[in-house]
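Please consider the following structure and the contacts made by its side chains. The account below moves from charged pairs to helices and then to the surface.

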Amino acid sequence: MIQAITDRRSIRKYQERFVPKSMIEEIIRAGMLAPSAKNRQPWKIVVVTGGAKEGMLAVLSEGLERERKEPFLAESAGYLDGAEYTFSIMRQAPAVIFIINPLAKKFGSPLSEEERIAEICNTQSIGAAIENMILTATDLGLGSLWICDTFFAQKELDRWLNAEGELFAALAIGYAAEAPNARPRKDEKDIIEWREC
């Protein structure tokens, strides 16, 4: 798995090649094995492939149209080009996996201190599950992209997915049609502080 960590890249171009269901199931099982706070396992997975992608793409288009007129986030207008690019990636990827936090409160709901702590813990747990999934995809010879900016169509996707909780992220999965170089990382001396006796 260390090799998968080294080899993993964010893939934004995919081949028009079918991904076997068994591989997607293996990726999801790896996510389900992630550690989670209080063993809450705060995830629900929706996989979109084949003809079902047409419905997803229609919903994404609807979200982009609404976003142009009535942004979900007040300052999101400057990110519409990025949203369009994300949409194009989701269009070409053979499979899109949506990760939903069924324990999350809807956006705008007030949170008590206890609920806020639970949200932080659940967010960490879902992040661990997604990391397991993208590393497994790499190990299987597939490319993936962890998509966080689904917010341009959050309302529309929440309605379409019809799941309790909140959409957390999406993963594009498929055979890579590109081989990007590793992106630069911060130097260890700038991020690690040792405190020893």
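Which side chain meets Glu70 in a salt bridge? In this predicted model, the partner of Glu70 is Lys155, with an N to O distance of 3.5 Å. The two residues are 85 apart along the chain and link distant parts of it, Glu70 lying in the loop between H3 and H4 and Lys155 in helix H6. Glu70 has a relative accessible area of 44% and is therefore partly exposed; Lys155, at 37%, is likewise classed as partly exposed.

The structure holds nine salt bridges. Another of them joins Glu62 to Arg159, whose closest N and O atoms are 2.6 Å apart. Here the link runs from helix H3 (residues 52–69), which contains Glu62, to helix H6 (residues 154–161), which contains Arg159, across 97 residues of the chain. Glu62 is partly exposed, because its relative accessible area is 37%, whereas Arg159 reaches 52% and so counts as exposed; the limit for that class is over 50%.

A further salt bridge is formed by Glu84 and Arg68, at 2.1 Å from N to O. Since Glu84 belongs to helix H4 (residues 80–92) and Arg68 to helix H3, the pair ties together parts that are 16 residues apart in sequence. Glu84 is partly exposed at 32% relative accessible area, and Arg68 is partly exposed at 43%. Arg68 and Glu84 also belong, with Glu65, to a network of salt bridges.

Charged groups are placed over aromatic rings as well. The charged end of Arg17 sits over the ring of Tyr175, 3.6 Å from the ring centre, and that of Arg91 sits over the ring of Phe87, 4.5 Å from the ring centre. Pairs between aromatic rings, by contrast, number zero in a search of the whole structure.

Helix H5 covers residues 113–139, 27 in number, and spans 39 Å between its first and last C-alpha atoms, close to the 39 Å expected at 1.5 Å a residue. Gly141, which has a positive phi near 85°, follows H5. Leu135 and Ile5 are 130 residues apart along the chain, yet their C-alpha atoms are separated by 6.4 Å. Ile5 is found in helix H1 (residues 2–7) and, with 48% relative accessibility, counts as partly exposed.

At the surface, Ile191, Ile192 and Trp194 make a nonpolar patch of about 380 Å². Ile191 is part of helix H7 (residues 188–191), and its relative accessibility of 54% is why this residue counts as exposed.

Notes: Residues are numbered from 1 along each chain as its sequence is written. This is a predicted model: local features need pLDDT of at least 70, side-chain atom pairs count only at pLDDT 80 or more; totals for chains, interfaces and linings use all residues. Side-chain values use heavy atoms; hydrogens and water are left out. Patches are made of residues with over 30% relative accessible area and no salt bridge: like charges are joined within 9 Å, nonpolar side chains (Val, Leu, Ile, Met, Phe, Trp, Tyr) within 5 Å. Accessible areas come from the Shrake-Rupley method with a 1.4 Å probe; for residues, only the protein chains shown count as cover. A salt bridge is a side-chain nitrogen of Lys or Arg within 4 Å of a carboxyl oxygen of Asp or Glu. Helices (H or I, at least four residues) and strands (E, at least two) are DSSP runs, numbered from the N terminus. Buried means under 20% relative accessible area, exposed over 50%, partly exposed in between (1.4 Å probe, protein chains only). Rings of Phe, Tyr and Trp (its six-membered ring) pair if their centres lie within 6.5 Å; planes under 30 degrees apart count as stacked, over 60 as edge-to-face and the rest as tilted. A charge sits over a ring if NZ of Lys or CZ of Arg is within 6 Å of the ring centre and within 35 degrees of the ring normal. The expected span of a helix is 1.5 Å times one less than its number of residues.
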